[in-house]
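Subject: The structure, and what turned up in it

Hello,

Here is the structure we talked about, ready for you to open next to your notes. Have a look first, and then read on for what was found.

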Amino acid sequence: MTDTRPNDLSTFLLGTPGTGVLITGGGSGIGRATAVALAEVGRPVAVWDIDGPGAEQTAARCRELGVTAHAAVVDVADSSAVPGAVADAAAALGSLGGFVHAAGVSGAATVDDLDDEIWDATLNVNLRAAAVIGRHLLPPFREAGPGSAIVLISSIEGLFGSSVLTAYCASKGGVLGVMRSLAQRYALEGFRVNAVCPGAVVTPMLEPAFELPGFREEVEARTPLRRIAEPSEIADPIRFLLSDQASFVTGAHLTVDGGMTAVTAI
Ligand SMILES: NC(=O)c1ccc[n+]([C@@H]2O[C@H](COP(=O)([O-])OP(=O)(O)OC[C@H]3O[C@@H](n4cnc5c(N)ncnc54)[C@H](O)[C@@H]3O)[C@@H](O)[C@H]2O)c1
């Protein structure tokens with residue numbers, strides 16, 4: 001049977017709203033790859049990060065692809081900074097109809113070493129910011145209209161435990177709870193909210209782990225696809241979830257882990 005789908009990506013994603021998308025943690029890794037993937041289909045992007053040069057580099061790459069791109073230094077753990085930064089982003093892009101929460105920290109510690117500082121720093125960035133920013137996006141989403149959508153980045157550690165990531169596991173499980181709660185609330189307005197749960201991805205966050213002898217080999221051995229993901233392999237499913245191609249998908253999490261969590265033993 002002949003595949004009649006157009007093979008040009010922008011045509012295939014024609015249903016994608018052309019409204020601007022806010023990406024936290026867009027200065028690196030999965031956030032950067034997501035901004036670029038969205039720019040490839042013509043969506044303007046606002047890139048927030050505590051790493052100013054990183055955010056600017058991402059925005060510059062997106063501008064090369066022909067879209068409006070706004071970069072800003074925003075600490076997503078500072079809730080008081082959010083309303084003004086959202087207003088700036090909406091003004092710079094002309095509309096805001098998408099949000100990807102990719103800012104994250106690993107907060108690596110077993111429960112033996114856990115203290116309030118690690119707990120608060122991890123939960124405030126990974127979890128609280130998702131709800132705080134989501135809340136402040138309601139007015140611009142209403143202006144952008146139906147079709148607006150959110151994708152929160154959880155993790156396979158939101159689904160399963162890891163002894164060395166106590167606060168991280170709590171934050172990523174919490175992200176799924178926030179996602180489901182916002183999905184019900186935002187559905188009243190015609191907006192969708194979903195999450196992705198990546199497995200291991202080659203980004204600066206995982207660099208310390210890759211330095212541990214045997215870490216990479218062990219992860220690859222436990223992954224049916226036998227490799228670690230590139231950031232673009234998480235960005236593409238995020239772009240799909242933001243697009244009208246996913247118009248009946250809300251309150252869902254998509255696991256993007258090369259099959260790791262589908263199997264109990266390999
Ligand atoms: N890399 C992986 O294997 C993996 C796996 C599962 C989930 N994730 C999740 O994906 C998301 C992106 O991580 P990544 O792997 O691209 O890591 P990364 O370190 O490359 O990117 C994270 C970005 O978040 C920014 N950031 C951190 N704290 C911030 C704050 N307070 N305010 C604004 N920005 C802040 C960092 O500066 C950095 O640019 C995170 O939520 C992470 O937990 C990553």
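Let me begin with strand E6, which is largely enclosed by the rest of the structure, because seven of its seven residues are buried. Please keep in mind throughout that this is a predicted model. Both faces of E6 are covered. On one side sit Arg 192, Asn 194, Val 196 and Pro 198, and on the other Val 193, Ala 195 and Cys 197, all of them buried. One neighbour of E6 is strand E5: the two pair in the parallel sense over five bridges. If you want a spot to click on, Leu 152 has Ala 195 in E6 as its bridge partner.

Now for the sheet as a whole. It is an open sheet of seven strands with parallel pairing, in the order E3-E2-E1-E4-E5-E6-E7. E3 (69–73) and E7 are the edge strands, each pairing on one side only. From one strand to the next, the twist averages 15°. As a reminder, strands of a sheet pair through backbone hydrogen bonds, either parallel or antiparallel.

At the E3 end, E2 and E3 run parallel and are joined by five bridges. Val 47 has Ala 71 in E3 as its bridge partner. Helix H3 (residues 52–64) lies across E2 and E3, and runs at about 180° to E3.

Helix H10 (residues 232–242) is worth a look too. Its buried residues are Ile 234, Ala 235, Ile 238, Arg 239, Leu 241 and Leu 242. These residues are on the same side of H10, because they cover an arc of only 160° around the axis. What covers them includes helix H2 (29–40) and several strands, among them E1 (21–24), E4 (98–101), E5 (149–153), E6 (192–198) and E7 (253–256).

Finally, the ligand. Which residues are closest to the ligand? They are Gly 25, Ser 28, Gly 29, Gly 104 and Met 205, out of 31 residues that surround it. The shell around the ligand divides into 17 nonpolar, 11 polar and three charged residues. H2, strand E2 (45–49) and helix H5 (116–136) each supply at least two residues of this shell. Of the contributions to the shell, that of H2 is the most, with three residues. So H2 turns up twice here: it is part of what covers the buried residues of H10, and it supplies residues to the shell around the ligand.

Happy browsing, and all the best!

How values were computed: Residues are numbered from 1 along each chain as its sequence is written. This is a predicted model: local features need pLDDT of at least 70, side-chain atom pairs count only at pLDDT 80 or more; totals for chains, interfaces and linings use all residues. A residue is buried if 20 or more other C-beta atoms lie within 10 Å of its own, exposed if 12 or fewer, and partly exposed in between; C-beta atoms are placed from the backbone. Helices (H or I, at least four residues) and strands (E, at least two) are DSSP runs, numbered from the N terminus. The arc is that of the directions from the helix axis to the C-beta atoms. Two residues are in contact if their C-beta atoms, placed from the backbone, lie within 7 Å. A residue is near a molecule or strand if its C-beta atom, placed from the backbone, lies within 6 Å of it. Ala, Val, Leu, Ile, Met, Phe, Trp, Tyr, Cys and Pro count as nonpolar, Asp, Glu, Lys and Arg as charged, and the others, Gly among them, as polar. Two strands pair if DSSP finds at least two bridges between them. Axes are lines fitted to C-alpha atoms, for helices over the stretch in contact, and angles run from 0 to 180 degrees between N-to-C directions.
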